[in-house]
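Good morning, colleagues. I should like to take a few minutes to walk through one protein model, beginning in the middle of its sheet and working outwards. Please look at the structure as it comes up.

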Amino acid sequence: MSNTHMQLHPDFKQLSMIHPPINRFSIALIQPLMRLLLRQQRSDAALEVKRLKIDTAEGHRLPALLYTPKDVKTNGCLLFIHGGGFVFPAAPHHYALARLYAVHAGCRVLLIDYRLAPRHPFPAAPRDCFAAYRWLLDHAEVLGIDPAKIAVGGDSAGGTLSMVVTLMALEQHVPVPCAQLLTYPSVGNCGETESIRLYTDTPMCSSKDMAKYGRLYTPDPNADKLIYRSPIEAESLEGVPPTYIETAEFDCLRDGALLYAEKLRQAGIPVELHPTKGTVHGYDMALRSGIVQGLIRKRTAFLTNIFETH
């Protein structure tokens, strides 16, 4: 579907011409430039930003930022996993969101800089994300976190990785995250849904883009378990925690997220679903939008409720 056939809300017109360059040459140039943003994050009057290095079982150190609001209202924590097609580092709006979640939910937020394709293809990213989750569990007491109040969340590919962390926790019999916060997530292989069929040339992310990301991220689909790259294909979702999901109207990933929400409901999992209208994938980039600000309030209200009831 072309841009001319989309009835975008005016807040998101600025995104209508964005088509990320998804090729090895461009990615090799963009990754180091975007990673400079990690070094630029600073504490401010509202919160402290602490730089960390998380040791993983595979022998590397995972860079991370721990956001702690000055007005801590809960001993809960959000493990925030950024999107970017498994190839792009955190963007400016991801760092802004980490701050907003921390301040408005009054919780700690851990943002991680996991390994990226194509240099580090699947399953490097899910292993890094799970290592960060295990690190939070192991260091909960010193961090002032209740291990029963660790939520996991992210946008797009970060949503995939959030779901995978939950599935890994279930498989390895470690405490499961208390919630999943998923913003226009990629849930894995759903076949040719209507949104996959229709949105082949939409901005930010199209079904053609997803095919390119897939080739870079999973050159060997058998490198690890299927559900670690396609969590919707899990045989059972029993044990998955309450889940918040947002979808974008003109997004090839939309219908997959709706199918995942329905599969969760069929398994008896509480789901809070927010389909948005006039939106494209990546709408969080328009942080000044009243629509996005309202959605962020809904997300932080979800987190606040989860932390209060656990």
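Let me begin with one pair of residues: Gly153 stands opposite Leu181 in strand E6. Before going further, I should say that this is a predicted model, in which local features need pLDDT of at least 70 and side-chain atom pairs count only at pLDDT 80 or more, while totals for chains, interfaces and linings use all residues. Residues are numbered from 1 along each chain as its sequence is written, and side-chain values use heavy atoms, with hydrogens and water left out.

Gly153 belongs to strand E5, residues 150-155. Strands and helices here are DSSP runs numbered from the N terminus, with at least two residues for a strand (E) and at least four for a helix (H or I). E5 and E6 pair in the parallel sense over four bridges; two strands count as paired if DSSP finds at least two bridges between them. E5 also pairs with E3 in the parallel sense, over five bridges, and there Leu79 has Val152 in E5 as its bridge partner.

How many residues of E5 are buried? Six of the six are, so the strand is largely enclosed by the rest of the structure. Buried means under 20% relative accessible area, exposed means over 50%, and partly exposed lies in between, using a 1.4 Å probe and protein chains only. Ile150, Val152 and Gly154 point one way from E5, whereas Ala151, Gly153 and Asp155 point the other way.

Just beyond the strand, Ser156 lies in the loop between E5 and H5. Ser156 has a positive phi of about 55° although it is not a glycine, and at 10% relative accessibility it counts as buried. A second residue of this kind is Tyr184, in the loop between E6 and helix H6. Its phi is positive, at about 30°, and it is not a glycine either; with 2% relative accessibility, Tyr184 counts as buried.

Let us now widen the view to the sheet. Eight strands form an open sheet in the order E1-E2-E4-E3-E5-E6-E7-E8, with mixed pairing. E1 and E8 stand at the edges with a single partner strand each, so one side of each is left without a neighbour in the sheet. From one strand to the next, the twist averages 15°.

At the E1 edge, nine bridges join E1 (residues 47-55) to E2 (residues 61-69), and the two strands run antiparallel. Within this pair, Ile54 stands opposite Leu62, and Arg51 has Leu65 as its bridge partner. The hairpin has five residues between the strands, and Gly59 takes a positive phi near 90° there.

Which helices lie on the sheet? Helix H2, residues 92-105, packs on it and touches E1, E2, E3, E4, E5 and E6. Contact means heavy atoms within 4.5 Å. The direction of H2 makes about 45° with that of E2; axes are lines fitted to C-alpha atoms, for helices over the stretch in contact, and angles run from 0 to 180 degrees between N-to-C directions. Helix H3 lies across E1, E2, E3, E4 and E5, running at about 165° to E3.

H3 also meets a second helix. The axes of H3 (residues 124-138) and H5 (residues 157-172) come within 9 Å and cross at roughly 65°. That makes H3 roughly perpendicular to H5, a label that covers 65 to 115 degrees. Among the residues in contact are Phe130 and Tyr133 in H3, and Leu161 and Met168 in H5.

The loop between E4 and H3 holds both Pro118 and Pro123. A cis peptide bond joins Ala117 and Pro118, with omega about 0°, and another joins Phe122 and Pro123, with omega about 15°.

I close with the interior. The largest nonpolar core has 61 residues, of which Leu110, Ile112 and Tyr260 touch the most other members. Such a core is a set of buried Ala, Val, Leu, Ile, Met, Phe, Trp, Tyr and Cys residues joined through side-chain atoms within 4.5 Å. A second, separate core of 45 residues includes Leu37, Leu38, Cys205 and Leu295. By contrast, Arg215 in helix H7 is exposed, with a relative accessible area of 56%.

Key:
Parallel < 35°, antiparallel > 145°, perpendicular 65-115°, else oblique.
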